[in-house]
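Thank you all for making the time this morning. I would like to walk you through one structure, and I will try to keep apart what the model shows and what a record says. Please have the view open while I talk.

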Amino acid sequence: MLILRNICWLQRRWKSGGKKRWNVLQNKKNNCDRALESFDDFYGSVYGGRWKNMRAALLTRHKYIAMVNNFGDTEQTCSMLETDGAINMKSLINLAQERLQGTDPALKGQGQNRYEIDDKLDALLRKQQEREVASIYPSAGEGGAAVQMPQQLKYDNVEEKEESQTESPDFKQSLTKALEEDVKLDEHRLVDPQFGTGGLYEYMPAHSIKGMEDWVAESEHYKYYQTSADFPLRIEPETSFHFPEHLALYTYEMGNCSDFKAPKKCLTGVSSHFLMDGASTLPPLFLQVQPGEKVLDACASPGGKSLLLLQTLHLDQLVCNDIQESRLNRLRRLMQEFLFDYKQRSAARHLIFSQSDARNLDEYEQYDKILVDVPCTTDRHVVMEQDNNIFKPSRIKERLRIPELQAGILTNCLRLLRPGGSLVYSTCSLSPIQNDGVVHMALQKVFVEHGITATIKDLSRHTELFSDIFKFEHPKGLKYGQMVIPYLPANFGPMYFSKITRNV
Ligand SMILES: C[S@@+](CC[C@H](N)C(=O)[O-])C[C@H]1O[C@@H](n2cnc3c(N)ncnc32)[C@H](O)[C@@H]1O
């Protein structure tokens, strides 16, 4: 605990520099302190003993994945990333698929065991290392055994690589500790009945707490959202999941915190790859966009998820919407940086930019798929960055109204879907209110006000495929979605996502 506390302390001092030290000396609270205090109160009560590991991960630099730009020098970029030891996510998913087939009672005997899969992963990594040695020292030939390998290439397996990370001893200790404690907690997991079975899934709008915001404690505040619910609800397993054929996402294996090289300029003038939090790839991936579909990204800026949708090469039309002009301009710049046919695409209306409040969009029943990546408390940002921090005292009302804004956006997006169409709702918050709570509120509202019913798609069987890459929250703690939780050995997220299909 002491080590973890020291890490948090050092990380935050390092981030916020001299100003923070002065604040600390004066014993003054800054926005990050406020955010942490609020999370300690609220998430401590939701996640119990597991919160301290999530907290440590939130306060530590997060992990990226690299998305290869299909409009650049794709093959060179892939080999550059592989040479550096990164693994194509698709290979990891194929391995997981083989493993799951081996353990699924229905398919027992047809698959392979965990050790065989681990051997395959080792072989995959070794092959990539050999390829790099061969590219640096061509005379060494396949294997290059007699050559002195560069430091970065020495590792033959994950444990050795972890040992040699450049992170501080404190970081390594806390990483090991996180792994050990997580195993213990997984074994003795207690699902809080309040969150596990219903309780906080029932809310009322924030105007009912008007005037009380300043004195109601964070965890107390949310009790005021509770109300009764009555709407037809169907939850059914998602039948299939296909990783898009043309999409190349690269990651380092769990426990490996290596950095990716910065993007390069390709021959076509665009950037070679885009770095993003790996968990952000899941909402657009689970949208499962099909060729010819019309898609809306309702809260699109700065644009990482929109870019991923375009990299699948599946879309007929993508509408990128955001309420803020400056952020929409940022998204335009991103698209110009990555799409060599940006101008033609926009002129042909395959890519459309729209600046609206997503609650007011009125192209009802027009979209096959919608990504609803709403504004939220951005939990990782608010504990690390003072600027643009929603925990600034003057923004308290705005913060407490976030669930209402999210529910308004999601409700309207359900109306924008054609019957039979699907959306993925997502946040980068650990708050059950902003996650399952908002899904519940929106399903109720859209039924009561517009007679629309929907089906929740249970993605848990498919998120299993990603469990070598991400740490997922136990599905029992969630009712309508899945969530990647911050975890030191795989420090992605948080990212909650729920897939909803509008009933015909
Ligand atoms: C979490 S960010 C979206 C991140 C983006 N999907 C990505 O992957 O880069 C939320 C965005 O929603 C926008 N936003 C906030 N309120 C909105 C509203 N009422 N309608 C549409 N966009 C909104 C914000 O300007 C912000 O850019």
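**Backbone, sheet and ligand shell**

Let me begin in the loop between α12 and β7, which is where Leu 313 is found. This is a predicted model, and in it the phi of Leu 313 is near 60°, a positive value in a residue other than glycine. As background, most residues other than glycine have a negative phi, and most peptide bonds are trans.

That brings me to two peptide bonds that are cis in the model. One of them runs from Ser 301 to Pro 302, with omega near 5°, and Pro 302 has its place in the loop between β6 (293-297) and α12 (304-311). The other joins Gly 493 and Pro 494, where omega is about 5°, and Pro 494 sits in the loop between β12 (482-484) and β13 (495-502).

Now to the ligand. Which residues are the closest to it? They are Cys 299, Lys 305, Ile 323, Ala 358 and Asp 373, out of 19 residues that surround the ligand. By character, the shell divides into 7 nonpolar, 6 polar and 6 charged residues.

Here the record comes in: an unreviewed UniProt entry lists Asp 322 and Asp 373 under "binding site". Although these two span 52 residues in sequence, their C-alpha atoms are no more than 10.6 Å apart, so they gather at one spot. Asp 322 itself belongs to the loop between β7 (315-321) and α13 (325-338).

Let me turn to the sheet, which is open and has 4 strands in the order β2-β4-β1-β5, with antiparallel pairing. Why is one side of β2 and of β5 left without a neighbour in the sheet? Both β2 (87-88) and β5 (273-277) stand at the edges, and each has a single partner strand, so one side of each stays unpaired there. For β5 the pairing with β1 (residues 64-68) is antiparallel and extends over 5 bridges, and within it Ala 66 has Leu 275 of β5 as its bridge partner. Packed on this sheet is helix α4 (residues 74-83), which touches β1, β4 (249-251) and β5, and whose direction makes about 155° with that of β1.

Finally, a word on confidence. The model scores ipTM 1.00 and pTM 0.79, while the chain averages a pLDDT of 80, with 69% of the residues scoring at least 70. Over residues 106-112 the pLDDT is below 50, and this stretch has 10 contacts in the model beyond near neighbours in sequence. The pLDDT is also below 50 over residues 136-169, a stretch with 33 such contacts. Where pLDDT is low, the predicted coordinates should not be read in detail.

Note on methods. Residues numbered from 1 in each chain as written. Predicted model: local features only at pLDDT ≥ 70, side-chain atom pairs only at ≥ 80, totals over all residues. Near = placed C-beta within 6 Å. Nonpolar A, V, L, I, M, F, W, Y, C, P; charged D, E, K, R; others polar. Pairing = 2+ DSSP bridges. Contact = placed C-beta atoms within 7 Å. Axes fitted to C-alpha atoms, helices over the stretch in contact; angles between N-to-C directions. pLDDT = per-residue confidence, 0-100. UniProt positions renumbered as here; feature names shortened; annotations may be inferred.
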